[in-house]
Amino acid sequence: MRAARLIKMVLLLQSRPSMTAAELARELEVSERTVTRDAQALSEAGVPVYADRGRAGGYRLIGGYRTRLTGLARSEAEALFLSGVPGALREMGLEDAASAARLKVSAALLPSLRDASRTSAQRFHLDAPNWFTEPKSPELLPAVADAVWDDRRVTARYRGREGEVERELEPYGLVLKAGVWYLCARVRDGGSFRVYRIDRFTAVTAGEARFERDVEFDLPGFWAERAEQFARSILRAEVVVRLSGDGVRRLPYVVDPASAREALAAAEAAHEDGWLTVTLPVESEQVARTQLASLGPEVEVLAPESLRARFAEDARRLGHLYGT
């Protein structure tokens, strides 16, 4: 474990001009005292680690020292080549850069590991879009991606619910969700963070000015929070249903899983016949009709009366079709 930590410490110092003991301790998940001991061990092994004293001090490598990637295990090398998503990189206009990077990494690996890119490609492939959807790359995605990488402010025209609006944005990050690209951005000069579908941009112009990133911004955490808020925000109606045992098991697969689990947990004990009465949040009666219909005879709608009447009518029509 210590050997892996020492290699990581060298690679961290290679990637930055210098790092404080506190920064290294945080990255390596050890104490600052351990960092001091590790730096001494590296120095004794011939790695030129230099410690600057004082408040602005830290650790750095001197003499342009570089290490080759000969310490990678096969599983690590294969995982490295899995980190790229070819389709996404192509859509962002980064395919050539990614290809050049893979070649450079391959050249730095031991000969016994240079087939890692091929073996990983034959064992894993990411197909991001949903079934039965035609993936379409937004025309303005490369321009947005360039601005994200360069931390450049953009002026964007966006087609929203109330028509087209113009915004000056600080583009923080891109998210690919089920084949749809989204931009997480902050409205200029300290405004709120928002999410925009990139296929709804009608124009994007990147300026020369760069913005200062908020170091506290966490893209995965921000996306997870907004995704949960969105899922809950569209559930504006409620239905009351009775579910058989099979219906209870299948419910999370036909409606929002989190809402289904919460509704089932809040339900009272099952009746003597084994059926469970559940109050379920849904997007609308029409959406609920489509979703719950897939449960067939394992669900009975109790309320609202208008939805129950729709299911009764559907049942009558099915009976007519099947001659009962």
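Helix 9 (residues 219–233) lies across strand 4, strand 5 and strand 6, and runs at about 75 degrees to strand 6. Helices here are DSSP runs of H or I with at least four residues, strands are runs of E with at least two, and both are numbered from the N terminus. The angles are taken between N-to-C directions and run from 0 to 180 degrees, with axes fitted as lines to C-alpha atoms, for helices over the stretch in contact. Contact, in turn, means heavy atoms within 4.5 Å. The model is a predicted one, so to speak of local features takes a pLDDT of at least 70 and side-chain atom pairs count only at pLDDT 80 or more, while totals for chains, interfaces and linings use all residues. Residues are numbered from 1 along each chain as its sequence is written, and side-chain values use heavy atoms, with hydrogens and water left out.

The strands under helix 9 belong to an open sheet of five strands in the order 6-5-4-3-7, with antiparallel pairing. Two strands are called paired if DSSP finds at least two bridges between them. Strand 6 (193–197) and strand 7 (201–210) sit at the edges, each pairing on one side only. Between neighbouring strands of this sheet the average turn is 45 degrees, direction ignored. At the strand 7 end, six bridges join that strand to strand 3 (residues 152–160), and the two run antiparallel. Within this pairing, Arg-157 stands opposite Ala-203 of strand 7. Helix 8 (residues 141–150) also lies across strands of the sheet, namely strand 3, strand 4 (163–177), strand 5 (180–187) and strand 7, at about 70 degrees to strand 4.

The loop between strand 4 and strand 5 holds Ala-178, whose phi is near 50 degrees, a positive value in a residue other than glycine. Ala-178 counts as partly exposed because its relative accessibility is 33%; the cut-offs are under 20% relative accessible area for buried and over 50% for exposed, with partly exposed in between (1.4 Å probe, protein chains only). Glu-29 is another residue other than glycine with a positive phi, near 60 degrees. Its place is the loop between helix 2 (21–28) and helix 3 (32–44), and at 73% relative accessibility Glu-29 is exposed. Then there is the peptide bond from Ala-303 to Pro-304, which is cis, with omega near 0 degrees. Pro-304 is found in the loop between strand 10 and helix 13. For context, most residues other than glycine have a negative phi, and most peptide bonds are trans.

Next come the charged pairs. A search of the whole structure turns up 19 salt bridges, a salt bridge being a side-chain nitrogen of Lys or Arg within 4 Å of a carboxyl oxygen of Asp or Glu. One of them joins the side chains of Glu-300 and Arg-242 at 2.8 Å, N to O. This pair links distant parts of the chain, with Glu-300 in strand 10 (residues 299–303) and Arg-242 in strand 8 (residues 237–243), 58 residues apart. Glu-300 is partly exposed at 26% relative accessibility, whereas Arg-242 is buried at 17%. Both also belong to a network of salt bridges that links Arg-242, Asp-273, Glu-300 and Arg-308.

Helix 10 (residues 245–250) has salt bridges within one helix. Arg-249 and Asp-246 lie three residues apart there, about one turn of the helix, and their side chains meet at 3.7 Å, N to O. Asp-246 also meets Arg-250 in a salt bridge, at 3.2 Å, N to O. Because Asp-246 and Arg-250 are four residues apart in helix 10, about one helical turn separates them. Arg-249 is exposed, with a relative accessible area of 56%, while Asp-246 is partly exposed at 27% and Arg-250 is partly exposed at 31%.

Arg-5 has its place in helix 1 (residues 2–15) and counts as buried because its relative accessibility is 18%. Leaving aside neighbours within four places in sequence, Arg-5 is in contact with Leu-28, Val-30, Thr-34 and Asp-38.

Finally, Leu-318, Leu-321 and Tyr-322 make a nonpolar surface patch of about 410 Å². Patches take residues with over 30% relative accessible area and no salt bridge, joining like charges within 9 Å and nonpolar side chains (Val, Leu, Ile, Met, Phe, Trp, Tyr) within 5 Å. Areas come from the Shrake-Rupley method with a 1.4 Å probe, and for residues only the protein chains shown count as cover. Leu-321 lies in helix 13 (residues 305–321) and, at 67% relative accessibility, is exposed.
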